[in-house]
Amino acid sequence: MVNITMYGGVGEIGGNKVLLEEGKARIFLDMGQSFGFGEDYFAGFLGARDRFGLRDYFELDLIPKIPGLYSKEMLEGTGYRYRKPAFDGIFLSHIHFDHTWHLRFVHPDIPVHLGKGTEIIKDSWVTTSRDFFGDHDFQTFRTGDTIELDGIEVEPIHVDHSVPAAYGYIIHTKEGAIVYTGDFRKHGSHSELTEDFLARVKEEKPIALICEGTRVASEEKRKNYTEAEVKSHSKAVVKKAGKKLVVTTFYPRDVDRMRTFFEVAKATGRKFVVSSKTAHLLSALGKDPRITLPDVIRSKNILVYIRELKRYPSWEKDFGKKAVNAEYVRKNQDKLILQLDFFHFSELVDIQPKKGSPFIHSKSEPFEEDDIEEEVKNNWLKRFGLRQHQLHASGHCSMEEIKTIIEDINPKLVIPIHCEEPELFKSMWKKVKLPVLGKTFAV
Ligand SMILES: [Zn+2]
């Protein structure tokens, strides 16, 4: 028998934490944090007291009390007894924080398996931010590798998602194959990766499919484009911009989008001015021969925006010759596409974009009406006369695609995850197990 317990990703998008046990083997698939994590108790400057490890998180039932998972240090102030690590490994599907962010609580001796590219992104992220994944025994794999642990065999296979090095998994157990999709899509720049995964999964005739359902919803609230459409529409926006600056914002690790805007810049005779963090990530990933990316140092079409700071982090120095500042952008508006993240909007004060400059919002539209960040963003856009265009390709399959995928794979059982309306899976497949948070079930 294989036991499955889902400690996250149940009735919500993200926060995936799936425990899979067979015989002696005990593995976790992802160790994520929910999007709304702690929002019932924390706001503004009121947050968990991280100096006490898991104390506040346990007291408020924000993190499950799982024996043998957490480090000694994290348990110290909690009153819970430390136990030796009791898991064979944690397998990450990709780097996004809703799949990785609780690694920081985990015992350092539990091996963390991740794709080679995921490790590169992690290291770049740690260098350029203050974020911390924790010290772990990180073990990297590539598609084609398999990892054997206490009688089960884990086979990672690449999928396409809005971050490079995303993987789905086939877990070979004595009962048969159990599949975990991670997050995936078919309309991105590398749909062939997802096709490879699906073809391999189909061969295995899985006994269970743990399937993400981000867009499995009674109503699709957001407009979604393919990556190719984002590119062609953006190109049209840039062409119309004339003498004006083009400003864009996208998710900080959406490398496909970076490539898209780089190509748009090239095609329209402009240069793409990226943030220093983006430049660092592109340079780091560029060293991976399996990922083709624009070369920050050599390409004529990329510049790196350096903000005026009192102290510059050492890693920013690498971009010396490519570095430009607000004054340069102000004087060369008709020649540039500028990446500007929300947290750097105050740069607009120095850049002074020409009235009517287009702003391409290339990430998900928020759909909560009282979204404060959205309101603040709109105030800045209005103040500086920027005109917004919404152009984004989702990282996830549509509901129709999920249905077709399930039918094609023909698994014995479907287990929804990463989905706000998991019961909708019942309209798509004959045998669906709706998991309950923290409750073990057998397959
Ligand atoms: Zn996710």
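Me: Which residues does R185 touch, not counting residues up to four places away in sequence?

Reply: The model is a predicted one, and the contacts reported here are computed from its atoms. R185 touches D160, H161, S162, T194, E227, D256, A393, S394, G395, H396 and C397.

Me: Where in the chain is R185 found, and is R185 buried or exposed?

Reply: R185 is found in the loop between β10 and α5. The residue is buried, with a relative accessible area of 0%. For a distance across the model, one may take R185 and L285: they are 100 residues apart in sequence and 21 Å apart in space, C-alpha to C-alpha.

Me: How should a salt bridge be read, and with which residue does D256 form one across distant parts of the chain?

Reply: The general idea is that side chains of opposite charge can pair when their charged atoms come close. In this structure D256 forms a salt bridge with R185, and the closest N and O atoms are 2.8 Å apart. The pair links distant parts of the chain, with D256 in helix α7 (residues 255-267) and R185 in the loop between β10 (177-180) and α5 (191-203), 71 residues apart. As for D256, that residue is buried, at a relative accessible area of 7%. R185, its partner, is buried too, at 0%.

Me: Which other salt bridge does D256 take part in, and how are the two residues placed in the helix?

Reply: The side chains of R259 and D256 meet in a salt bridge with an N to O distance of 2.8 Å. Because R259 and D256 are three residues apart in helix α7, about one helical turn separates them. Both R259 and D256 are buried. Elsewhere, salt bridges that share partners join E155, R200, E203 and E204 into one network.

Me: How is the accessibility of the partners to be read in the salt bridge of E220 with R215?

Reply: Each partner is assessed separately. E220 and R215 form a salt bridge whose closest N and O atoms are 3.1 Å apart. E220 is partly exposed, with a relative accessible area of 43%, whereas R215 counts as buried at 13% relative accessibility.

Me: How many salt bridges are counted in the model?

Reply: The count comes to 24 salt bridges.

Me: How many disulfides are counted, and how far from C211 is the nearest cysteine sulfur?

Reply: In general, a disulfide is a covalent bond between the sulfur atoms of two cysteines. The count here comes to zero disulfides. C211 is in no disulfide, and the nearest cysteine sulfur, that of C397, is 7.7 Å away. The cut-off for a disulfide is 2.5 Å between the sulfur atoms. C397 likewise is in no disulfide, its nearest cysteine sulfur being that of C211. C211 is buried, with a relative accessible area of 0%, and C397 is buried, with a relative accessible area of 1%.

Me: How does one read a helix crossing, taking α6 and α7 as the case?

Reply: One reads the approach of the axes, the angle, the handedness and the contacting residues in turn. The axes of helix α6 (residues 227-240) and α7 come within 9 Å and cross at roughly 35 degrees. The crossing is right-handed. On the α6 side, the contact is made by E227, V230, K231, S234, K235 and V238. The α7 side contributes D256, R257, T260, F261, E263, V264 and A267. By class, this contact has five nonpolar, two polar and six charged residues.

Me: At what angle do the axes of α4 and α8 cross, and which residues make the contact?

Reply: The axes of helix α4 (residues 116-128) and helix α8 (residues 276-286) cross at roughly 150 degrees and come within 9 Å. α4 passes α8 in a right-handed crossing. From α4 the contact involves G117, I120, I121, S124, T127 and T128, and from α8 it involves K277, H280, L281, A284 and L285. These residues divide into five nonpolar, five polar and one charged.

Me: Where does G176 lie, and which residues is G176 in contact with beyond its sequence neighbours?

Reply: G176 lies in the loop between β9 (166-172) and β10. Leaving aside neighbours within four places in sequence, G176 is in contact with I171 and I207. G176 and F197 are 21 residues apart in sequence, and their C-alpha atoms are 17 Å apart in space.

Key. Residues are numbered from 1 along each chain as its sequence is written. This is a predicted model: local features need pLDDT of at least 70, side-chain atom pairs count only at pLDDT 80 or more; totals for chains, interfaces and linings use all residues. Side-chain values use heavy atoms; hydrogens and water are left out. Axes are lines fitted to C-alpha atoms, for helices over the stretch in contact, and angles run from 0 to 180 degrees between N-to-C directions. Helices (H or I, at least four residues) and strands (E, at least two) are DSSP runs, numbered from the N terminus. A crossing is left-handed if the near helix is turned anticlockwise from the far one by less than a right angle, and right-handed if clockwise. Contact means heavy atoms within 4.5 Å. Ala, Val, Leu, Ile, Met, Phe, Trp, Tyr, Cys and Pro count as nonpolar, Asp, Glu, Lys and Arg as charged, and the others, Gly among them, as polar. A salt bridge is a side-chain nitrogen of Lys or Arg within 4 Å of a carboxyl oxygen of Asp or Glu. Buried means under 20% relative accessible area, exposed over 50%, partly exposed in between (1.4 Å probe, protein chains only).
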